Amino acid sequence: MTTDPDTPYFLEGPWYVVTYLDAEEFPTVVHLAQDQPMAQMGSAFDATFAELFPFLGTQGLRPIGPAFSLHHRMPTETADFEIGIPVDKPLAEAHETASGVSLIPSTLPAGKVAVLSHIGDYDGLADAWETFLNEIGEAGHRPTLPFWEVYVSEPRPDADPATLRTDLVVRLLPEGDEQA
């Protein structure tokens with residue numbers, strides 16, 4: 001449950017302990033990065049956001065929450081993920097920018113989720129995910145794809161990396177569901 005039913009979970013927190021919520025679906029505008037080398041994730045984010053925010057204004061769309069990345073598979077040397085932002089209404093159609101960034105309509109999924117905030121540098125995210133997923137499993141829940149990170153703190157050049165907040169979110173299988 002959320003603390004305020006009228007406030008989206010991505011505007012709440014921070015979540016210092018694993019918290020289980022019923023998330024609503026939200027429209028998003030994203031760039032889909034497929035087979036993106038993990039070492040080049042930062043450049044994918046930079047290219048997307050350089051195009052995304054100006055584009056939203058031309059479409060009459062308003063951001064309603066922080067940026068996120070939504071992962072469709074477990075990363076290896078590469079990852080398949082959406083980079084985007086939740087918006088106040090769905091994007092009508094896909095758009096290719098002059099620099100070649102494709103911006104498409106998508107959603108943050110609805111359903112039972114677990115959420116935990118990571119406070120600190122992005123280098124600590126892998127360990128935070130491992131701890132988070134272990135706690136979920138120990139509590140008897142089964143995570144499933146997709147999973148996502150909500151970048152609550154804007155990563156500015158003058159920001160102290162120790163203060164960055166990233167919310168980790170994973171969907172959970174319904175009780176009794178045997179999917180792996």
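Which residue in β4 does A33 stand opposite? The legends below, for a predicted model, begin with the sheet that holds this pair.

**Figure 1. The sheet is open and has nine strands.** The strand order is β1-β7-β9-β8-β3-β4-β2-β6-β5, and the pairing is antiparallel. At the edges stand β1 (19-23) and β5 (95-96), each with a single partner strand, so one side of each has no neighbour in the sheet.

**Figure 2. Strand β2 pairs with β4 and with β6.** Strand β2 covers residues 26-37 and strand β4 covers residues 78-86; the two run antiparallel and are joined by eight bridges. A33 stands opposite F81 in β4, and Q36 has A79 of β4 as its bridge partner. The pairing of β2 with β6 is also antiparallel and extends over five bridges. In that pairing, V29 stands opposite P105 in β6. In a regular strand, side chains point to the two faces of the sheet in alternation.

**Figure 3. Helices α1 and α2 pack on the sheet.** Helix α1, residues 41-58, lies across β2, β3 (67-71), β4, β5, β6 (102-108) and β8 (143-151). The helix runs at about 25 degrees to β4. Helix α2, residues 125-138, touches β1, β7 (111-119), β8 and β9 (165-172). The direction of α2 makes about 35 degrees with that of β9.

**Figure 4. Ring pairs link six aromatic residues into a cluster: F45, F49, F53, F81, Y122 and Y151.** The structure holds nine aromatic pairs. F45 and F49 form one of them, a tilted pair with 6.1 Å from centre to centre and 45 degrees between the planes. Both residues lie in helix α1, four residues apart, which is about one turn of the helix. F45 counts as buried because its relative accessibility, 14%, is under the 20% limit. F81, the residue opposite A33 in the sheet, also belongs to the cluster.

**Figure 5. The largest nonpolar core has 16 residues.** Y9, F10, L108, W148 and V169 touch the most other members. The elements β1, β2, β3, β7 and β8 each give two or more residues to this core. Leaving aside neighbours within four places in sequence, F10 is in contact with F26, I64, G65, P66, P86, L108 and V150. A second core, separate from this one, has 12 residues, including V18, W129, F132 and L172.

**Figure 6. R73 is found in the loop between β3 and β4.** With a relative accessible area of 21%, R73 counts as partly exposed, because buried means under 20%. The side chain of R73 makes a polar contact of 2.7 Å with that of T78 and one of 3.4 Å with that of D35. Leaving aside neighbours within four places in sequence, the residues in contact with R73 are D35, T78, A79, D80, L145 and F147. R73 and P146 are 73 residues apart along the chain, and their C-alpha atoms are separated by 6.9 Å.

**Figure 7. S153 lies in the loop between β8 and β9.** S153 has a relative accessible area of 18% and is therefore buried. The side chain of S153 reaches the backbone nitrogen of R165 at 2.8 Å. Beyond neighbours within four places in sequence, S153 is in contact with Y122, T163, L164 and R165. Y122 is also a member of the aromatic cluster.

Technical notes:
Residues are numbered from 1 along each chain as its sequence is written. This is a predicted model: local features need pLDDT of at least 70, side-chain atom pairs count only at pLDDT 80 or more; totals for chains, interfaces and linings use all residues. Side-chain values use heavy atoms; hydrogens and water are left out. Two strands pair if DSSP finds at least two bridges between them. Contact means heavy atoms within 4.5 Å. Axes are lines fitted to C-alpha atoms, for helices over the stretch in contact, and angles run from 0 to 180 degrees between N-to-C directions. Rings of Phe, Tyr and Trp (its six-membered ring) pair if their centres lie within 6.5 Å; planes under 30 degrees apart count as stacked, over 60 as edge-to-face and the rest as tilted. Buried means under 20% relative accessible area, exposed over 50%, partly exposed in between (1.4 Å probe, protein chains only). A nonpolar core is a set of buried Ala, Val, Leu, Ile, Met, Phe, Trp, Tyr and Cys residues joined through side-chain atoms within 4.5 Å. A polar contact is a pair of N or O atoms within 3.5 Å; within protein, one must be able to donate a hydrogen and the other to accept it, and residues adjacent in sequence count only if both atoms are side-chain atoms.
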